[in-house]
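User: I am new to reading protein models. Please take a close look at the side-chain contacts in this one, starting with the charged pairs, and then tell me about the cavities.

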Amino acid sequence: MSTNASFSPPSLVMATIGLSLATFMQVLDTTIANVALPTISGNLGVSSEQGTWVITSFAVSNAIALPLTGWLSRRFGEVKLFLWATILFVLASFLCGISTSMPELVGFRVLQGLVAGPLYPMTQTLLIAVYPPAKRGMALALLAMVTVVAPIAGPILGGWITDSYSWPWIFFINIPIGIFAVMVVRQQLKARPVVITRQPMDYVGLITLIIGVGALQIVLDKGNDLDWFESNFILLGTALSVVALAAFIIWEMTDKHPIVNLRLFAHRNFRIGTIVLVLGYAGFFGINLILPQWLQTQMGYTATWAGLAVAPIGILPVLMSPFVGKYANKFDLRLLAGLAFLAIGLSCFMRADFTNQVDFQHIALVQLFMGIGVALFFMPTLTILMSDLPPHQIADGAGLATFLRTLGGSFAASLTTWIWIRRADQHHAYMSESISAYDPVTRHTLESLGGASTPAYAQMDQILTSQAYMFSTVDYFTMMGWLFMGLILLVWLAKPPFAAKAGPATSGH
């Protein structure tokens with residue numbers, strides 16, 4: 001491997017741009033569809049709940065492809081895997097854009113997620129490989145910036161494209177970016193030495209993983225439509241998922257070359273850090289999914305304005321990331337992560353005070369404040385979870401944490417929409433009970449709407465629905481607030497030191 005360490009591309013700047021662009025494109029794709037969901041659902045004639053399949057199908061297939069990355073990179077070489085993944089991603093994006101029905105779009109999103117799996121881990125690996133050891137921290141801080149900027153650019157770009165052109169362009173935008181990234185990276189890294197090893201493929205692990213995770217996601221997505229456990233389809237799906245996941249766990253613990261190395265959970269900091277990362281990211285993902293949906297369906301925002309209202313969350317992370325990368329290790333990382341959860345939790349409680357009269361500025365300011373939390377969240381949490389892994393297991397640990405984080409985001413997307421719509425229905429039913437022709441408030445409302453007529457009743461029902469969604473949104477943010485408060489306590493279960501294990505010299509930090 002020593003030949004690899006000394007390799008330097010003709011232009012470090014160009015190599016960095018090429019690699020970062022591919023990750024930017026992939027991370028962008030996880031959020032760009034969020035604000036376009038109401039439009040896509042409307043155009044393809046499906047409900048907003050079915051619309052979330054556009055997001056969950058991508059996230060699940062992406063998560064399933066992640067554990068394969070290590071095997072594929074050893075089998076075909078890192079540069080080749082990166083280039084092919086990017087080319088196939090461009091092709092899948094084109095197919096998503098020309099879809100004419102929901103099943104078609106979801107099918108191509110599954111393909112897009114599968115080929116996107118290796119992009120982030122490969123970008124991380126190749127950036128570390130081409131930078132000299134002293135500048136590696138800088139390279140990772142840069143990658144962190146990309147992963148923070150893309151989810152924020154997503155809603156604004158997605159909204160603007162949907163409003164100004166048409167939703168297929170949110171997928172077509174990947175084509176020029178991807179082609180440029182492939183050309184640059186091929187040019188810069190073609191001379192990089194390749195070490196290829198043939199390792200047996202853990203087919204049993206892969207198949208049980210696909211069945212287990214796939215069935216669970218379908219249960220989460222279809223549960224609400226089919227009235228949960230009243231439906232045989234849901235019961236069957238749940239049983240299948242439980243059996244497959246149990247088989248997966250048992251097999252992975254005993255197999256010599258597991259596709260997912262579950263033994264890493266024996267390390268305390270990895271265990272605590274991963275739980276905190278997954279729950280924190282799931283909460284963060286859910287918040288950024290519900291907010292634009294609520295703004296568009298209940299508050300009358302266009303896709304562009306919903307994107308702009310959500311966007312300020314990215315301002316502080318972009319400004320703070322370089323400093324967090326540089327100075328974080330001077331503090332107790334549990335303190336930084338705790339501050340992150342405090343800021344995100346407080347922002348949730350602020351949103352729980354929203355009413356139907358809340359203005360754009362107020363929504364944007366709370367998003368700006370939440371950015372403090374986002375800036376302090378990723379780097380300390382990732383460092384904590386890697387801190388007690390032996391050096392040869394760092395790559396496995398990074399892969400496993402990314403896999404579980406992606407899965408957490410996808411389950412959060414399903415559960416969040418389900419909780420939100422269900423609570424709104426409950427509030428609507430509860431408020432409807434108090435409406436009667438003998439109730440003075442009802443009579444007064446009907447008179448103000450022009451007397452007791454069918455249009456007036458319809459208008460009154462609309463007011464009730466809007467209120468019900470408002471209450472449901474408040475419930476949701478209150479719940480999220482408490483989740484983040486709980487994470488503050490959880491992160492303190494990790495044990496220092498949290499120094500990166502570069503070698504014996506730094507281990508006594």
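Analyst: **Charged pairs, rings and cavities**

Arg-334 and Asp-332 are joined by a salt bridge, with their closest N and O atoms 2.9 Å apart. Keep in mind that this is a predicted model. How exposed are the two partners? Buried means under 20% relative accessible area. Arg-334 has 12%, so this residue counts as buried. Asp-332 comes out at 28% and is partly exposed.

How many salt bridges does the structure hold? There are three. The general idea is simple: side chains of opposite charge can pair when their charged atoms come close.

Take the bridge between Arg-192 and Glu-78 next. Their side chains meet at 3.0 Å, N to O. Arg-192 sits in the loop between helix 12 (174–189) and helix 13, while Glu-78 belongs to helix 7 (residues 78–97), so this bridge ties together parts 114 residues apart in sequence. Arg-192 is buried, at 8% relative accessible area. Glu-78 is partly exposed, at 21%.

Another bridge joins Arg-423 to Asp-475. Here the closest N and O atoms are 2.9 Å apart. This pair also links distant parts of the chain: Arg-423 is in helix 20 and Asp-475 is in helix 22 (residues 454–491), 52 residues apart. Both partners are partly exposed: Arg-423 has 32% relative accessibility, and Asp-475 has 26%.

Now turn to the rings. The structure holds 16 aromatic pairs. One of them is formed by Tyr-281 and Phe-378. A pair of aromatic rings is described by the distance of the centres and the angle of the planes. For Tyr-281 and Phe-378, the centres are 6.3 Å apart and the planes differ by 65°. Planes over 60 degrees apart count as edge-to-face, so that is the label for this pair. Tyr-281 lies in helix 15 (residues 268–297) and Phe-378 in helix 19 (residues 360–386), so the contact ties together parts 97 residues apart in sequence. Are the two residues buried or exposed? Both Tyr-281 and Phe-378 are buried.

These two rings also belong to one aromatic cluster, along with Phe-284, Phe-285, Phe-341, Phe-377 and Phe-484. Tyr-281 has a charged partner too. The charged end of Arg-405 sits over the Tyr-281 ring, 4.9 Å from its centre. A similar arrangement involves Arg-75, which lies over the face of Phe-76 at 5.1 Å from the ring centre.

Last come the cavities. Two of them reach 30 Å³ or more. The largest has a volume of about 60 Å³. Glu-49, Thr-52, Leu-220, Asp-221, Asn-224, Ser-414, Thr-417 and Trp-418 line this largest cavity. Helix 13 (203–222) and helix 20 (394–433) are the elements that give two or more residues to that lining. Helix 20 gives the most, with three. By class, the lining has two nonpolar, four polar and two charged residues.

The second largest cavity has a volume of about 30 Å³. Its lining is made of Leu-37, Pro-38, Ser-41, Ser-48 and Gln-293. Which helix gives the most to this lining? Helix 3 (residues 37–43) does, with three residues. By class, two of the lining residues are nonpolar, three are polar and none is charged.

Note on methods: Residues numbered from 1 in each chain as written. Predicted model: local features only at pLDDT ≥ 70, side-chain atom pairs only at ≥ 80, totals over all residues. Heavy atoms only, no water. Phe/Tyr/Trp six-rings, centres within 6.5 Å; stacked < 30°, edge-to-face > 60°. Helix = DSSP H or I, 4+ residues; strand = E, 2+ residues; numbered from the N terminus. Buried < 20%, exposed > 50% of the residue type's maximum accessible area, 1.4 Å probe, protein only. Lys NZ or Arg CZ within 6 Å of the ring centre and 35° of its normal. 1 Å grid on protein atoms, 1.4 Å probe; cavity = no way out; pocket = protein on both sides within 12 Å on 5 of 7 lines; lining within 4 Å. Points joined across faces, edges and corners; volume = space filled by probe spheres on them. Nonpolar A, V, L, I, M, F, W, Y, C, P; charged D, E, K, R; others polar. Salt bridge = Lys/Arg side-chain N within 4 Å of Asp/Glu carboxyl O.
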